[in-house]
Amino acid sequence: MGAGLRLAQTAKLLLGVWMAGIVVAMFLVIPPYVGLGDAGRIIVMHVPTAWVTTVAFALSAFYSARYLWKRRAADDSGAVAAAEVGFLFCALATITGALFANIVWGTFWNWDPRETSILVLLLIYAAYFALRSALDDVERRRRLSAAYNLFAAVTMPFLLFVAPRLADSTLHPNCAFIQGSTCDGVWLETKGVRIGQLGDVVLALQGLEQRGDVAVAYVEVRTPGLQNVALLEPTFELASGKPADRPEFPGQQFLLAVEAVDLANGRALLNIEAPGTGLLSNSRTFWTFMAANLGFLGLFIWLYRLRADVLVLQERLARREVVHELPA
Amino acid sequence: MNFLLDPAIALYTALAVALSVWIGVFIFLWRVDSAARELRRRLDDESPARPAAAPRATLEVRGGRTQQPVSITEPKAE
């Protein structure tokens with residue numbers, strides 16, 4: 001066994017132990033969160049798989065571009081392998097996100113902008129694999145799929161990072177859980193635009209009044225399908241300029257807050273918050289999360305290189321069979 | 001089996017399941033990795049197949065003076 005191989009084998013063993021440690025830490029080291037309970041632990045699996053998806057699809061595009069430039073079969077194998085493993089991680093991110101959504105939002109799937117965009121991304125890469133399997137001519141398959149892959153990669157940052165933020169609001173924890181990230185909320189007026197939407201919840205501002213040193217907003221909340229309608233009264237501290245009472249949405253673990261008011265014009269900025277805001281502010285959670293990112297990246301590298309190796313071996317075996325079948 | 005879902009130990013049940021899944025995935029990957037490496041080694045060790053004969057073309061002038069055929073492709077070295 002050569003030194004390089006021995007090093008690679010040791011790295012794989014270490015990766016196995018590292019990931020086992022992350023699994024243990026996910027359940028035993030990081031604390032549960034008020035309002036979320038144990039559901040918050042899934043961040044250790046969900047976010048790193050989504051990040052690795054980005055890396056995988058970007059690497060796949062790099063190999064495709066290099067294939068179009070140098071026309072080497074190994075680059076095509078690298079592009080396919082990275083795309084396949086990226087697809088796997090993207091599916092894992094979607095599944096773990098749906099599990100989280102079922103606990104926190106009360107449904108596995110509610111067409112949130114984030115859910116919709118990742119589904120579109122999955123379909124785009126499913127089309128990449130369908131395209132490859134539809135073309136029999138090897139050279140044509142490689143060339144066309146490499147060109148398609150470059151277009152697919154262009155959509156990836158838009159679908160993962162831009163599209164979910166273009167929506168007025170999303171229930172995804174990107175804006176509800178991690179402090180410092182932006183979630184603009186919605187301005188409603190008592191004499192103008194009274195009705196707005198946050199995620200899939202419709203809000204109607206019924207009134208706004210000053211009660212002592214707090215402003216009280218009367219907001220009618222309707223959940224999808226009008227299953228629940230409730231009148232909530234979030235308040236806003238005028239002296240400190242911060243939200244005070246945050247009533248809970250009926251049947252859901254989301255809170256409604258007034259983030260700013262303009263009493264003179266009867267306007268209020270309404271936003272949603274989820275219990276557990278600042279999920280990563282706990283140091284144990286943060287370091288477990290960072291270790292998971294590193295571990296999943298290592299796992300991706302192992303998986304995609306292994307898959308690329310298998311693809312190259314398949315091609316060598318096929319070529320060998322063809323040569324052996326030739327007449328002498 | 002319901003005791004496994006008891007709130008007091010449900011967390012440990014979930015941990016055991018997740019850890020078992022990871023160990024299973026790791027063993028599977030390790031075996032596939034070993035098999036791929038062994039296959040590559042065998043293909044590398046295998047004596048290369050007899051290469052196909054290189055095509056050989058000759059030009060010959062017909063209907064005129066007789067000339068020696070001219071080879072434009074050297075035979076492939078074996």
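**Figure 1. Chemical make-up of the lining of the largest pocket in a predicted model.** The lining residues divide into 27 nonpolar (Ala, Val, Leu, Ile, Met, Phe, Trp, Tyr, Cys and Pro), 2 polar (the others, Gly among them) and 3 charged (Asp, Glu, Lys and Arg). A pocket is an open set of points on a 1 Å grid over the protein atoms alone, where a 1.4 Å probe fits, with protein on both sides within 12 Å along at least five of seven lines; lining residues have an atom within 4 Å of a point. Local features need pLDDT of at least 70, side-chain atom pairs count only at pLDDT 80 or more, and totals for linings use all residues. Residues are numbered from 1 along each chain, chains are lettered from A, and side-chain values use heavy atoms.

**Figure 2. Centre and walls of the largest pocket.** The volume, the space filled by probe spheres set on the points, which are joined across faces, edges and corners, is about 1,000 Å³. Closest to the centre, of 32 lining residues, are A:Met26, A:Met45, A:Thr96, B:Ala18 and B:Val21. Two or more residues each come from helices 1 (3-28), 2 (43-70), 3 (73-104) and 7 (283-325) of chain A and from helix 1 (10-45) of chain B. Helices are DSSP runs (H or I, at least four residues), numbered from the N terminus. Helix 3 of chain A gives the most, 10 residues.

**Figure 3. Surroundings of A:Ser77.** A:Ser77 lies in helix 3 of chain A and is buried (under 20% relative accessible area, 1.4 Å probe, protein chains only), at 6%. Beyond its neighbours within four places in sequence, A:Ser77 is in contact (heavy atoms within 4.5 Å) with A:Ala308, A:Leu311 and A:Val312.

Conventions. Buried < 20%, exposed > 50% of the residue type's maximum accessible area, 1.4 Å probe, protein only.
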